[in-house]
Amino acid sequence: MLSCKSLLSQTINKKRKKNKSKNKNKNSSTRFSKKHNLVSKKQNYEEEEEDCEEGFNFKTSAAPSHTHGVQPLGNLYINPGSINSRNTGLGNLQTLTDELVLDILGLLGGTHLGVLATVSKSFYVFTNHEPLWRNLVLENMNAGFLYNGSWKSTYVAACYPSFDVSSVDVSGLRVRDFYSDYLFQSWLCANLEMKPEWLQRDNIIRRKGISVEDFVLNFEEPNKPVLLEGCLDNWVALQNWDRDYLLQLCGDVQFAVGPVDMKLQEYFRYADQVMEERPLYLFDPKFAEKVPKLGSEYEVPVYFREDLFGVLGNERPDYRWIIMGPAGSGSSFHIDPNSTSAWNAVIRGSKKWILFPPDVVPPGVHPSPDGAEVACPVSIIEWFMNFYGATKNWEKKPIECICKAGEVIFVPNGWWHLVINLEESIAITQNFVSRDFFWTIASGIGSMQNLDHGVNNSKGTTLKMNVVDNIFC
């Protein structure tokens, strides 16, 4: 397995020998890009196996270098005689940032991208940026698609079925002396393993076999996360839900996957092949209606069965989901909607969770003043690379854990949370509002004496409908 420091050190040494540098005995530290101190030339490290504690490890299935030979901008400093072909190939557009170039290219269709790829080596690299083709597929193939190893191949195979995509070398052309942090970063984040130090911290409270009263008193009322063990022991889903079972039961059923619907068998095909920064996540709120047997093979854990969502009847918003995804998929930082709490039960695989309390905005996250929108401009892996380390020194450190199959995590109302699948995972999650939390919210809204309309729940408690509207709006 390869590390940043070992790769960089080896490349510097090779460059020194080649150039017969007089500074051979000087310190080998050199100015590099602030984010990416990693070289990408395969021939320089094919036999390097030494790991470094502070380095990064690649996934076993990762390509050893960027498909088109793109290198981080910092590598230009160890190639003093090189000219960045990125700039020469863009002409007058070289003054634009890589992000802006890609934004402009994102306005084009597949045919125009293909034509533009023949203009120069630089345009060839930019127009083959996989997220451009991913967007084209997701925007134009709402009825689903067959992933074909890459998003470009998927698009071509779907739009031009008579064209034999397999006859084309999918690895593409390698371009010399092309330096770009932005393009390299996407590849890097897609191919890096989670560092061990990102997985070590586990400071969540764990409980097994506690009573409902203990849960309410110690976790729900004080709004504290907890990981519950042994809640799923009687679930049929925990025993049955593997790939073979699900494919036999509902392989031809379409589920919500990002902005499109895909048959489950097609999604598994995608998950087996994909290697990208932000893998698509199967996240379907209507799974129990589509496949009633799925809904019958799990039950709400006893701690969460009181759910005032039920008073809304058919007006109830989406509140439960089946979740599937490959390693690296997940959800970036967000707060659950409608002032709800949530529980998430892992049936297969494992998930890394990071949670911040409501009064602590995670680093790299920028909510709007009213909290209605959240800007999280980096992928999950990039967040770990750039921001995770800083949280070690925070006074209010995040709550962290790895939730494994058979375990349930309680995510209290208002808590920021991020989750990433460490392996292919299947889970059930559900949002809810309990009576105790409801009255906590109601007391903050105003005097109940001035509220007129109400209904009675099964326990005889009057629920004031305008307070319900305030919570569920």
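## A walk from the cysteines to the sheets

Start with cysteine 403: its sulfur lies 5.8 Å from the closest cysteine sulfur, which belongs to cysteine 401, and that is too far for a bond. Keep in mind that you're looking at a predicted model. What would a bond here be? A disulfide is a covalent bond between the sulfur atoms of two cysteines. To count as one, the two sulfurs must be within 2.5 Å, so the 5.8 Å gap at cysteine 403 rules it out. How many disulfides does the structure hold? Zero.

While cysteine 403 is still selected, switch on a surface. Is cysteine 403 buried or exposed? Buried, with a relative accessible area of 0%. Now hop over to cysteine 250, which also counts as buried because its relative accessibility is 2%, and the cut-off for buried is under 20%.

**Next stop: the four-stranded sheet.** Select strand E12, residues 399-404, an edge strand that pairs on one side only. E12 sits at one end of an open sheet with the order E7-E14-E9-E12 and antiparallel pairing. The other edge strand is E7, residues 330-334. On average, neighbouring strands of this sheet are turned by 15 degrees against each other, ignoring direction.

Zoom in on E7 and its partner E14, residues 416-421: three bridges join them in the antiparallel sense. Which residue of E14 is the bridge partner of histidine 334? Another histidine, number 417.

**Now try a parallel pair.** Select E1 (residues 206-208) together with E2 (residues 226-229), and you'll find parallel pairing over three bridges. Arginine 207 has leucine 228 of E2 as its bridge partner. Add helix H10, residues 212-220, to your selection: E1, H10 and E2 make a right-handed β-α-β unit.

Stay on E2 and bring in strand E13, residues 407-411. These two pair in the antiparallel sense, over four bridges. Click leucine 228 once more, and opposite it in E13 you'll see valine 408.

**Last stop: a covered helix.** Select helix H8, residues 181-191. How many of its eleven residues are buried? Nine, so this helix is mostly covered. Among the buried ones are Phe184, Trp187, Leu188 and Cys189. To see what does the covering, show helix H3 (98-105), helix H5 (121-127), helix H6 (130-140) and helix H16 (380-386), which are included in what covers the buried residues of H8.

Technical notes
Residues numbered from 1 in each chain as written. Predicted model: local features only at pLDDT ≥ 70, side-chain atom pairs only at ≥ 80, totals over all residues. Heavy atoms only, no water. Pairing = 2+ DSSP bridges. Axes fitted to C-alpha atoms, helices over the stretch in contact; angles between N-to-C directions. Buried < 20%, exposed > 50% of the residue type's maximum accessible area, 1.4 Å probe, protein only. Contact = heavy atoms within 4.5 Å. Right-handed = clockwise from strand over helix to strand, strands pointing away.
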